[in-house]
Amino acid sequence: MPLRVYSTLTRSKEEFRTVEPGKVKMYLCGPTVYKPAHIGHMVGPVIFDTVKRYLAYSGYQVTWVVNITDVDDKLIVRAKENNTTVEALAKQMTQDYFDNLATIGVDGVDHFPYATAHIKEMLDMIGRLVEQGYAYPLNGDVYFEVTKDADYGKLSHRSVEQMLAGTRVEANDRKRNPADFALWKASKPGEPAWDSPWGPGRPGWHIECSAMAAKILGPEIDIHGGGLDLMFPHHENELAQSESCSGKPFARYWLHNGLMQASGQAGKVGGQHSRHGDTPPAGDHMVAAQADQEANKLAGSKGAASVKELFAVQQPETIRFFLLSTHYRSPIDFSPENIAATGQSLEGFYRLFETYQRVTGKDFYTLTAPGTREKSTKLDGEPADLFGELRALRDRYLEAMDDDFNTGGAVGVLFEMRKALNSYIAKHKLDAAGAKEPAVVDALTTGMTLLKELSNLLGVFRKPLPKKAGADDAIVDGLMALILELRADARKNKNWPVADKIRDTLKALKIVVEDRPDGVRWNRG
RNA sequence: GGCGCCGUAGCCAAGCGGUAAGGCAGUGGAUUGCAAAUCCACCAUCCCCGGUUCGAUCCCGGGCGGCGCCUCCA
């Protein structure tokens, strides 16, 4: 099965064919760097990082660009609030963004172009649009004239007439059409400004993506990504500018990811109102509805924790897994409970890695797994039952990913693979004392290598989890060694009450003690 | 008002024409001094009503319910 992707442009799944054979040009709308990133800002990067991994695995040479918007109204406002400069604020927040990407394992971005470093390219593009009659200057501003673009609205599937009816498009007499949008904005005193043929000003919101994508990737790209919320107006406008300027189709596939949603408490209040039967005053209803909406908008909600705060209490790997456990186009309900449930479900994998270590003396994390589909782990010969099952699972995994990057389905297969390997270990009593058949152990390594190969594609299980311990490690280790030695003595003498008391008391302290055939294991819970 | 999305077990979540993957939780069994972990087994007819079809969770129509965008929020 060839790779198929869903494009917003056609509202359907299409076979994936690149502009240039074997090469993929991918652009993702990046952040406006005016405040610390929250979880929602990680959704796109994690998804498209995974997309890139999968495309590379499938044999493509991928170039991925994510822009950094470092000039914008929000930046100007916030810099003023914080008594700093736009430059300083942008620099600080860009670093925050980079740190978070690294933490959550997004390392496939090839270029991070800055808007302020591409003013010239933007002005060139605006100039061409004006020359070609798609744009007009007006009192220092320059506007794109939507009616000049015959297929304007094709991405979000709306027409100019539709947009005018019943919308709140800002009334502006001076514009030729209310839907016309700014390519260039004349600056007010004190605002960041660049010289232009139309006077000092700064770029409009959409032009930077058009200009930078064209500069780095060329006028025709393969994949354009972004959050669903950006589809209109941002992507629609970006598309209009780019295609009007170049006369070529801008992006072959538009991929929009679903948004992160906070389960809103306010919504429940509103719902109860209506269920109780007494009609709340219209005003209250409006307030409840608004509060509800606010609660659902992570970006808008002031309480949304920064990702850094989140990483402090949740493993970044858990968050990444959480984001990939559902299809990228679906909205995800963010709640501490949901994240915790994901963390819980990952425990079994870490257990398996430990078991593997015990059985073979090898570290799962340092296994070298094949990086391409062509060279995928060999599963020929014996044991036919295990290898046969793994082959089937691999097929299902790749089938899921080939179907519009269905990471949710792929994650499910990973769980089944875990079960198959655990089952194999149990069947051959590999985790028990005694000599083991080398061939049987080698087969396990082959299976684990496949697991590594496939989990690499999701960007998970790449590195051991950081230890939970604090600075008192040496002391705790020493004390634990002593306590467990005393407990071992008690057990030897079949003094179960003492042994169990030690284990139970430690458990209350969040230290889990397990008696294994080959010795005792303890862990901070 | 316009453009869309969604409704699968207690929760999360694949499947989208041939009688429902997986995970968490739960239940029974194996193992264990007892636990933990692990293994084995069990655990849903897919919001409702019509239609198309030999056959629908999956297609079409109509409801009901939830949600997003149209506001420089990723």
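**Helix crossing and RNA contacts**

Modeller: The crossing of H12 and H15 is left-handed in this predicted model.

Colleague: Why is the crossing of H12 and H15 called left-handed?

Modeller: Left-handed means that the near helix is turned anticlockwise from the far one by less than a right angle. H12 and H15 cross in that sense. Their packing angle is about 150°, and the axes lie 11 Å apart.

Colleague: What makes Phe-349 and Leu-352 part of the contact between H12 and H15?

Modeller: Contact needs heavy atoms within 4.5 Å. Phe-349 and Leu-352 in H12 meet residues of H15, among them Val-441 and Leu-444, so they count. By class, this contact has nine nonpolar, two polar and no charged residues.

Colleague: Why does His-41 have a polar contact with RNA strand B?

Modeller: The cut-off is 3.5 Å between N or O atoms. A polar side-chain atom of His-41 lies 3.0 Å from a phosphate oxygen of RNA strand B, so the pair qualifies. Asn-406 also reaches a phosphate oxygen with a polar side-chain atom, at 2.6 Å.

Colleague: Which part of RNA strand B does the backbone of Asp-515 approach?

Modeller: A base nitrogen, 2.5 Å from a backbone N or O atom of Asp-515. That is within 3.5 Å, so it is a polar contact too.

Colleague: How do you know that sugar and phosphate matter in the count of RNA strand B atoms within 4 Å of the protein?

Modeller: They account for 64% of those atoms.

Colleague: Which helix gives the most to the surface near RNA strand B?

Modeller: H14, with ten residues. By class, that surface has eleven nonpolar, 22 polar and 20 charged residues.

Definitions and conventions. Residues are numbered from 1 along each chain as its sequence is written. Chains are lettered from A and ligands numbered from 1 in the order in which they are written. This is a predicted model: local features need pLDDT of at least 70, side-chain atom pairs count only at pLDDT 80 or more; totals for chains, interfaces and linings use all residues. Side-chain values use heavy atoms; hydrogens and water are left out. A residue is near a molecule or strand if one of its heavy atoms lies within 4 Å of it. A polar contact is a pair of N or O atoms within 3.5 Å; within protein, one must be able to donate a hydrogen and the other to accept it, and residues adjacent in sequence count only if both atoms are side-chain atoms. Helices (H or I, at least four residues) and strands (E, at least two) are DSSP runs, numbered from the N terminus. Ala, Val, Leu, Ile, Met, Phe, Trp, Tyr, Cys and Pro count as nonpolar, Asp, Glu, Lys and Arg as charged, and the others, Gly among them, as polar. Axes are lines fitted to C-alpha atoms, for helices over the stretch in contact, and angles run from 0 to 180 degrees between N-to-C directions.
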